[in-house]
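Please look at the sequence and the three-dimensional structure shown below. The explanation after it is meant to be read with both in view.

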Amino acid sequence: MYELIKKDGLARRGRFRTVHGVIETPVFMNVGTAAAIKGAVSTRDLQEIGTQVELSNTYHLHVRPGDQVIKKLGGLHKFMVWDKPVLTDSGGFQVFSLAGLRKIKEEGVYFQSHIDGRKIFMGPEESMQIQSNLASTIAMAFDECPSSVANRDYIQQSVDRTTRWLRRCKEEMARLNQSPDTINRKQLLFGINQGGICEDIRIRHAQEIAELDLDGYAVGGLAVGESHEEMYRILDAVVPYLPAHKPVYLMGVGTPANILEAVDRGVDFFDCVYPSRNGRHGHVYTNEGKLNLFNAKYELDSRPIEEGCTCPACQSYSRAYIRHLLKAKEMLGMRLCVLHNLYFYNTMMTEIRTAIEEGRYKEYKKEKLGKVLNLHELAKSPC
RNA sequence: GGAUGGGUAGCCUAGUGGCGAAGGCGGCAGACUGUAAAUCUGUUACAAGGAAACACCGCAGGUUCGAGUCCUGCCCCAUCCA
């Protein structure tokens with residue numbers, strides 16, 4: 001399934017074949033939690049801006065509209081009119097982000113719905129069943145993403161439970177993929193490595209889950225408050241222990257600089273809410289750093305967000321116009337910023353793939369970091 | 001000409017003797033990493049200084065220990081009546 005085309009240092013140019021088509025890696029998956037990329041972006045737009053994989057969320061779609069509803073309507077692909085790969089996150093991140101609304105037990109997690117407060121139980125089996133109903137291309141294992149401030153003892157205990165959950169996920173997925181009632185019987189399963197910023201726990205966990213021969217391996221629990229240095233240190237430590245013939249996915253990361261660094265450490269898959277959320281907040285990525293289009297200095301700026309950019313926003317509209325739209329709370333302002341940012345990310349991934357193919361990733365990375373890092377990000381990231 | 005209700009920071013508004021004046025909008029910034037986020041946070045009358053306190057609350061007087069608040073006069077706005 002995963003074909004390694006070219007290696008340049010640790011950076012990998014790969015090809016991942018799925019029932020919904022080929023994913024050229026390294027790839028940035030575009031996050032559409034509730035089966036939609038926030039900011040009024042349609043799946044038709046995704047075709048235009050070069051999206052390879054759409055990412056949706058198990059917990060959120062289970063709560064609304066309900067995975068049974070989506071199953072009855074033929075699965076996520078048919079529902080949202082998208083025929084390329086979809087990855088569904090398992091709900092494990094909600095164990096972290098909705099920490100105030102859940103209780104963790106051995107059998108799984110009891111959530112209180114953030115919508116209407118009703119009780120929702122999700123364990124490994126439930127997460128797999130929901131993802132099977134959604135019929136995504138790739139399902140993520142149900143894990144716990146522990147807090148960055150959790151202590152070592154808790155991390156160890158949590159990681160051990162995540163391992164036990166992973167075995168249950170694998171069994172349940174195998175069962176579901178044999179059921180005639182299942183929409184996508186070729187659904188893939190990625191396991192998730194945890195361990196906070198404890199290298200030894202990370203490595204031991206990686207070795208344990210590597211034995212389960214899953215379709216891919218993710219590194220989770222990073223970019224949840226630790227420094228960039230710590231994140232890179234963990235990647236340096238753990239990636240070598242993940243199976244080399246399987247794709248490696250760094251969950252929830254990150255800034256363009258984070259991605260450039262992680263590719264250099266052997267990561268193939270990424271996703272992050274930054275381009276969409278920042279876009280909605282008027283922050284746009286360019287090769288001269290990040291701009292905040294709310295700033296007064298763009299009031300009379302007739303240039304596009306980025307000169308030479310061929311995204312749907314830059315092809316037609318000025319910074320001044322988009323600033324006006326944002327200020328006036330016109331939805332189009334956010335939409336244009338989100339489209340630009342996703343296009344920027346997707347285009348950067350294309351550049352990364354080409355650079356690896358041509359064996360010049362180090363030079364590319366150095367050059368791109370110089371363009372992409374603004375002073376603020378430099379201050380936060382000494383790497 | 002008469003009646004009534006009003007004038008509080010760029011705008012709108014709370015306030016009926018302890019105000020060192022609350023809130024919203026607008027403005028200016030910041031945060032956000034497997035999305036409880038179209039969110040959240042800070043800041044915002046002006047010039048100067050000061051350790052700090054430190055706003056002509058339409059204007060001018062008055063009562064009071066103390067007034068945005070009570071009293072008197074004036075100016076302005078809105079609505080209504082002639």
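The paragraphs that follow go from the domains to the RNA strand, then to two pairs of helices, and finally to the backbone. The model is predicted.

Let us begin with the overall division of the protein chain. The domain assignment of chain A gives two parts: domain 1, covering residues 2-279, and domain 2, covering residues 281-380. Between the C-alpha centres of domain 1 and domain 2 there is a distance of 26 Å. The two domains touch each other, with 31 residues of domain 1 in contact with 36 residues of domain 2. Which elements supply the side of domain 1 that touches domain 2? At least two residues each come from strand S1 (2-8), strand S2 (11-18), strand S4 (27-31), helix H1 (43-48), helix H10 (256-263) and helix H11 (274-280). Helix H11 provides the largest share of this side, namely 5 residues. Sorted by class, the side of domain 1 that touches domain 2 consists of 13 nonpolar, 10 polar and 8 charged residues.

We turn next to the RNA. There are 48 residues around RNA strand B, and those that come nearest are Cys145, Ala223, Gly252, Gly254 and Val273. Several elements supply at least two residues each to the surface near RNA strand B: strand S5 (54-57), helix H5 (92-97), strand S14 (269-272) and helix H11. Helix H11 thus appears both on this surface and on the side of domain 1 that touches domain 2. The classes on the surface near RNA strand B are 18 nonpolar, 22 polar and 8 charged residues.

The packing of helices can be followed in two pairs. In the first pair, the axes of helix H7 (residues 152-178) and helix H8 (residues 199-210) come within 11 Å and cross at roughly 10 degrees. Angles under 35 degrees count as roughly parallel, and H7 and H8 are therefore roughly parallel to each other. On the H7 side of the contact are Ile155, Gln156, Val159, Thr163 and Leu166, which meet Ile201, His205, Glu208 and Ile209 in H8. This contact of H7 with H8 comprises 5 nonpolar, 3 polar and 1 charged residues.

In the second pair, the axes of helix H12 (residues 319-327) and helix H13 (residues 331-357) come within 6 Å, and their crossing angle is roughly 130 degrees. H12 and H13 are therefore oblique to each other. The crossing in which H12 passes H13 is left-handed. Here Ile322, Leu325 and Leu326 in H12 meet Leu332, Gly333, Leu336 and Cys337 in H13. The contact of H12 with H13 has 6 nonpolar residues and 1 polar residue, with no charged residues.

Finally, the backbone deserves attention. Most residues other than glycine have a negative phi, and most peptide bonds are trans. Where are the exceptions to be found? A cis peptide bond joins Thr25 and Pro26, with omega at about 5 degrees. Pro26 lies in the loop between strand S3 (21-25) and strand S4. Val253 and Gly254 are likewise joined by a cis peptide bond, with omega at about 5 degrees. Gly254 is situated in the loop between strand S13 (248-250) and helix H10, and this residue is also among those that come nearest to RNA strand B. Ala40, although not a glycine, has a positive phi of about 60 degrees. The place of Ala40 in the chain is the loop between strand S4 and helix H1.

Notes. Residues are numbered from 1 along each chain as its sequence is written. Chains are lettered from A and ligands numbered from 1 in the order in which they are written. This is a predicted model: local features need pLDDT of at least 70, side-chain atom pairs count only at pLDDT 80 or more; totals for chains, interfaces and linings use all residues. Axes are lines fitted to C-alpha atoms, for helices over the stretch in contact, and angles run from 0 to 180 degrees between N-to-C directions. Helices (H or I, at least four residues) and strands (E, at least two) are DSSP runs, numbered from the N terminus. Angles under 35 degrees count as roughly parallel, over 145 as roughly antiparallel, 65 to 115 as roughly perpendicular and the rest as oblique. A crossing is left-handed if the near helix is turned anticlockwise from the far one by less than a right angle, and right-handed if clockwise. Two residues are in contact if their C-beta atoms, placed from the backbone, lie within 7 Å. Ala, Val, Leu, Ile, Met, Phe, Trp, Tyr, Cys and Pro count as nonpolar, Asp, Glu, Lys and Arg as charged, and the others, Gly among them, as polar. Domain bounds come from an automatic or database domain assignment. A residue is near a molecule or strand if its C-beta atom, placed from the backbone, lies within 6 Å of it.
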